[in-house]
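Here are a few exercises to work through with the model open beside you. Try each task on your own, then compare your steps with the solution.

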Amino acid sequence: MYCPFCRNPDSRVVDSRLTDDGSAIRRRRLCPECGRRFTTLETTSLSVIKRSGVAEPFSRAKVINGVRKACQGRPVTEDDLAMLAQEVEESIRSSGAAEIDAHEVGLAILRPLKNLDVVAYLRFASVYQAFDSLEDFEAAIDRLRLESEATKNQGPSGTQRPLTAQ
Ligand SMILES: [Zn+2]
């Protein structure tokens, strides 16, 4: 690991800790040549196996590109997309797998996208799960209705903690 300041090829680890989500190790390093400190992040490699059988490194940018079209015209910001891609990566990494099917990446996108915007979710799911009839849309919308009613029925006096509470 080269020092980013003076390019000295040697550095000393002064602190190592797991990131909050447990997916990476953050190392604080000290350069013995110039005395400056820098941080490195160590993650396991995560490969996505495409339908063609070709493996490529997992990329948050690709996740974002995949959902961006479904979010067109919706109140979804770039920050929302970045958060979604992070959530997708964390949920995949938490499974501990070093390789994952492209199909499973799509599945991992559906859940956070549903929380973000139901219209974008329906668009993405319709392409991704190959909806080919009105019935497919109806079934998906019925599921969304049931879920939103289940949330409403918990009511303000329910045992469910309000989302804004810390
Ligand atoms: Zn240095």
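A contact here means heavy atoms within 4.5 Å. This is a predicted model, in which local features need pLDDT of at least 70 and side-chain atom pairs count only at pLDDT 80 or more, while totals for chains, interfaces and linings use all residues. Residues are numbered from 1 along each chain as its sequence is written, and side-chain values use heavy atoms, with hydrogens and water left out.

**Exercise 1. Chain layout**

Task: Work out the order of helices and strands, and the share of contacts that join residues at least 24 apart.

Solution:
- Start with the elements, taken as DSSP runs numbered from the N terminus (helices are H or I with at least four residues, strands are E with at least two). The chain has 5 helices and 6 strands.
- Next, read them along the sequence: the pattern is β-β-β-β-β-α-α-β-α-α-α.
- Finally, take the contacts between residues at least 6 apart in sequence; 41% of these join residues at least 24 apart.

**Exercise 2. Overall dimensions**

Task: Compare the radius of gyration of the chain with that of a compact globule of 166 residues.

Solution:
- The radius is taken over C-alpha atoms, and the globule rule is 2.2 Å times the number of residues to the power 0.38.
- For 166 residues the rule gives a value near 15 Å, but the chain has 21 Å.
- To put extents beside that, the C-alpha trace spans about 65 × 50 × 30 Å along its principal axes.

**Exercise 3. The nonpolar core**

Task: Find the residues with the most contacts inside the largest nonpolar core, and the elements that supply it.

Solution:
- First fix burial: buried means under 20% relative accessible area, exposed over 50%, and partly exposed in between (1.4 Å probe, protein chains only). By this rule, buried residues make up 29% of the 166 residues.
- A nonpolar core is a set of buried Ala, Val, Leu, Ile, Met, Phe, Trp, Tyr and Cys residues joined through side-chain atoms within 4.5 Å. The largest one has 28 residues, and those with the most contacts inside it are Phe 58, Val 63, Val 88, Ile 92, Val 105, Ile 109 and Leu 113.
- Two or more core residues come from each of helix H1 (60-68), helix H2 (78-93), helix H3 (102-116), helix H4 (118-128) and helix H5 (134-153).
- Now zoom in on Val 88: leaving out residues up to four places away in sequence, Val 88 touches Phe 58, Val 63, Val 105, Ala 108, Ile 109 and Pro 112.
- As background, nonpolar side chains tend to be buried together in soluble globular proteins.

**Exercise 4. Four residues and their exposure**

Task: Decide whether Ala 120, Glu 90, Ile 141 and Arg 7 are buried, partly exposed or exposed.

Solution:
- Ala 120, in helix H4, counts as buried because its relative accessibility is 0%. Beyond residues up to four places away in sequence, Ala 120 touches Ala 70, Cys 71 and Leu 113. Ala 120 and Val 76 are 44 residues apart in sequence and 9.1 Å apart, C-alpha to C-alpha.
- Glu 90, in helix H2, has 28% relative accessibility and so counts as partly exposed. The C-alpha atoms of Glu 90 and Ala 120 are separated by 21 Å.
- Ile 141, in helix H5, is at 31% and therefore partly exposed.
- Arg 7 lies in the segment before strand S1 (12-18). Arg 7 counts as exposed because its relative accessibility is 54%. Its phi is near 65°, a positive value in a residue other than glycine.
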